[in-house]
Amino acid sequence: MKIFEYMGKELFASFGIPIPRGRVCRDVAAVRQTVGELGTPVVIKAQVLSGGRGKAGGIKIAADSSQAEQLSAQLLESTIQGCPVTALLVEEKLTVDQELYLAITTDPTNRCLVLIASRHGGVEIETMPESAIVRHLIDPSLGLAPFIVRDVVLRLGFLPRSDQSRALANIMQSAYRLAKEKDAELVEINPLVCSGEQFVAADAKIVIDDDALFRQKEVEYVDESTMIEQQAKSLGLAHVDLEGEIGVLANGAGITMATLDLINHYGKSAANFLDIGGGAASGVVRDALQLVFSKHPKAVLINVFGGITRCDQVAQAIVDVKRQRGFLAPVVVRLVGTNQEAGQNILQSAGIEALTNMQEAARKATELAV
Amino acid sequence: MSIIVNEQTRLLVQGITGNQGMFHTEQMRSYGTKVVAGVTPGRGGAQVAGIPVYDSVRAALAEQPADASVLFTPAALTKDAALEAMTAGIKTLVIVTEHVPLHDAIELMAYASLSDATVIGPNTFGVVSPGKCKIGIPPNSLFRPGPVGVVARSGTLSYETVANLSARDIGQSTVIGIGGDRMVGLSFSQVLSDFEADQETKVVVLIGEIGGSAEEDAADYIQTMTKPVVAYITGKSAPSGKRMGHAGAIIERGRGSYGSKTAALRQAGARIATLPSEVPELVSRELAALARDPFYGLIWPSTCPDYTDPGR
C-alpha cells in the first residue's frame, strides 16, 4: 500500500527525521492560510501516488501568495497521470546545497532488507553507476547498529565525528526503525536535502506491506485501485484493468499470465487480468464472471486448472450466470482438474462446450472476439 | 533418488485442524505420504484423518519423530509456527500459507539460516517426489515418476506443465514450488544444484515469471550445469508489476523483464519454450539426445544440433 507524501512526512516527523515546514491543503483557503504562516516562496506539491509527478507538472513554486492561490486552484482541478488531485502539500522552499539519496528496501536475492544511499540524489539516481551507490545488506539480528551506520556515512564521504555525520546516521537509523515498526517494503527519501548543516527529507515515498495491514491499523488506508479493481478486492480476487478485447478469468497468477500470453500469441489482447485464486466457491466465481462482463469484452476466456479449486463449483457458477443473466459476450471455457468430469457434465447439460486444452481455448476465444 | 523429500520422509502438519489443513492431510495420506502428526495449539488430543493432533511441535515430536513440516497456518501466525518447528529441530519446512507479512518472512528465513533449516515458500504449492511423497496441495493424479525435475514459482502453471509432461509419458523425479512471493526461502539456484546432484534427474524444467531477478540468478548457476534445462517464462504480455520507485529500479538494475530473463537463460544454455505447450517437446528432444549419447550432458550445449549460439 503506497501512502501519500504528506502521510510519509508525518511518519518521518514522528520518527525524528527532519521534514520541511508545511501543511497539507485540500482547498485554496487552506493554501492562503498556510502561505501566511510560512512566508514565500513556497513549493506546492500535488499529492498523488503516481511516479514522475514533477515531470507531469505536479510540483510548482509560488513566489507570492496570489500566485500560490492561482497555482493551487489549477492543480486541485487537474489529474496527474490519471490520478485526480484532491490534496496539496504546501511547504517552505529549501535552499539546496546537496541532494542525497537514502532508501531502505527489500533485497529478495539475499532475503533481507537493504540500505541504499548515494551522494547523487534527485531524478538521476537510476542512471548512476554502481560506484556512486553505497549498499548495505541488513542482517536482521544486527539491524542498523551504530558501527554499521558510521561505516555507511564514511563511505558516502562525510567526515567522521562531524555534526553532519551524526545527523545523517540518526536519519538512517530512524528510517530503519520506521521500516520495521510500520512493516514497510520501502522507505525512500529522494532527495535528502543538505541545507547548510541540516539534513531535511524533501520527499517521502513509503510503501507498507499489504500483507501486514492487519497490524498497521494506525496508518490511514489508501486505495489506488480502479472501481472494478476495488470490487474484485472485496471479493478476495486479484484484478487488473487492461485495454484489450478479451476478458480473462483464471486461477493462479502464473496461469493467468500464461493465458494473457497465449491471447497475445494469437494476435489479440486481454481486457483484464482476473485471478480467482485457489479454492473459489461458485458464488465467488459467479461474481467474478459478472465483473469480467462489466468491462464489455468481445469474448471471455475462462481457464481453470482446478487443484484446490473444484471444477464442479466453477461449472455451476458459469451455468448460473448463463441462466440468470445470459452471456453478454461469447464465452470459451477450459476446465480441467479436481472434479473435472462433474464440471464438464454440468457445462454440457447447459449447452456449453467444455474444452481441455489451454492453447486451443485461447485460439478459439481470439477467433470469436470480433 | 529425488530431492528434498522421498518415501522415508516423516511429515508434521501445522495448522492441521483448519479447512485447508484437514483437506490436504487426507489427500497427502492417500498419496502415500507418511503423515505422522499434526499440531494446532489448543486442539491436542483430537484426530484428523486418523492422524493424532498435538498442542505443540515438541509434544508431537516426543511421540512421533518427524523430518519435515508443512504449514497451513493463518498468515499472521505462520512466523511463530515456523520458528517453533525450527527450534524443535525440524530441518525442512514447506510453507503453503499465502500473505505471510514480509518482515515475518525475513525473520523466519534468517532463523532458518542460523539453524541450517530449509524453508520452501511461503506461498508454495509444495514438493512432490512422484510415487514417494507429496507435501502440499497439488492434485494427486497429475504426477508420474520419471527423469524430469520441475521447479517453479507458479502453482497452477506447474500443474499445467506436469499434466502436459505426464500426458506424453514423461515422468518427474521431483516437482517443487519455490513459492509465488518475491521473497522466498529455497531459491531456483539451490534447487537446480540439488537436481544436478540427483541421479534420477536427467533434465530440468524451470517455470519462471516476470518480476524480480530469480531467473537471472538461476542463469548464473545454469552456466555450470551439465544437465539440460528447459525454461518457460510467463508474463510477457502482463501488466507491469508495481515498481517500488527508484529503489526497486536500483535493486533490479534492468533485470526482471521477460526479455532480460529469457536472454540470461538462453545465454546460460537453457532451451526456452515460448508457450507452455512447447515444454514437453523440448524435454523430449533432450531426453532423446541423452539416450543417443550418454556423454551428451557433459559437453552440451555445443554439440546440440538445435542450439543456436547467440554469439558466445
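Me: Before anything else, what is a salt bridge here?
Reply: A salt bridge is a side-chain nitrogen of Lys or Arg within 4 Å of a carboxyl oxygen of Asp or Glu. The model is a predicted one.

Me: How many salt bridges are there over all chains?
Reply: Searching the whole structure gives 30 salt bridges over all chains.

Me: Which residue does A:R21 pair with?
Reply: A:R21 forms a salt bridge with A:E92, and their closest N and O atoms are 3.5 Å apart. This pair links distant parts of the chain, 71 residues apart: A:R21 is in the loop between α1 and β2 of chain A, whereas A:E92 is in strand β7.

Me: What is the relative accessibility of each?
Reply: A:R21 has 44% relative accessibility and counts as partly exposed. A:E92, at 22%, also counts as partly exposed.

Me: And A:E218, which side chain does it meet?
Reply: The side chain of A:E218 meets that of A:K182 in a salt bridge, at 3.8 Å from N to O. The two residues are 36 apart and both lie in loops, A:E218 between β13 and α6 and A:K182 between α5 and β11 of chain A.

Me: Is A:K182 buried or exposed?
Reply: A:K182 counts as buried because its relative accessibility is 12%, under the 20% cut-off. A:E218, in contrast, counts as exposed at 74%.

Me: Changing topic: how many residues does each chain bring to the contact between chain B and chain A?
Reply: Chain B brings 54 residues and chain A brings 59 residues. The area buried between them is about 4,400 Å², and carbon and sulfur atoms give 62% of that area.

Me: How many salt bridges lie across that interface?
Reply: The rule finds two salt bridges across the interface of chain B and chain A. One of them is between the side chains of B:E160 and A:R334, at 2.7 Å from N to O. B:E160 lies in helix α5 of chain B and A:R334 in strand β18 of chain A, so this pair joins two chains. Both B:E160 and A:R334 are buried.

Me: What about polar contacts there?
Reply: Across the same interface, 19 residue pairs are in polar contact, with both residues at pLDDT 80 or more.

Me: Which element gives the largest share of chain B's side?
Reply: The largest share comes from α4(B), with seven residues. The side of chain B that touches chain A divides into 28 nonpolar, 16 polar and 10 charged residues.

Me: Finally, where does B:S158 lie?
Reply: B:S158 lies in helix α5 of chain B, and B:S158 is buried, with a relative accessible area of 1%. A polar atom of its side chain lies 2.4 Å from the backbone oxygen of B:S154.

Key
Residues numbered from 1 in each chain as written. Chains lettered and ligands numbered in written order. Predicted model: local features only at pLDDT ≥ 70, side-chain atom pairs only at ≥ 80, totals over all residues. Heavy atoms only, no water. Contact = heavy atoms within 4.5 Å. Buried area = accessible area lost by both parts, 1.4 Å probe. Polar contact = N/O pair within 3.5 Å; in protein donor to acceptor, adjacent residues only side chain to side chain. Helix = DSSP H or I, 4+ residues; strand = E, 2+ residues; numbered from the N terminus. Nonpolar A, V, L, I, M, F, W, Y, C, P; charged D, E, K, R; others polar. Buried < 20%, exposed > 50% of the residue type's maximum accessible area, 1.4 Å probe, protein only.
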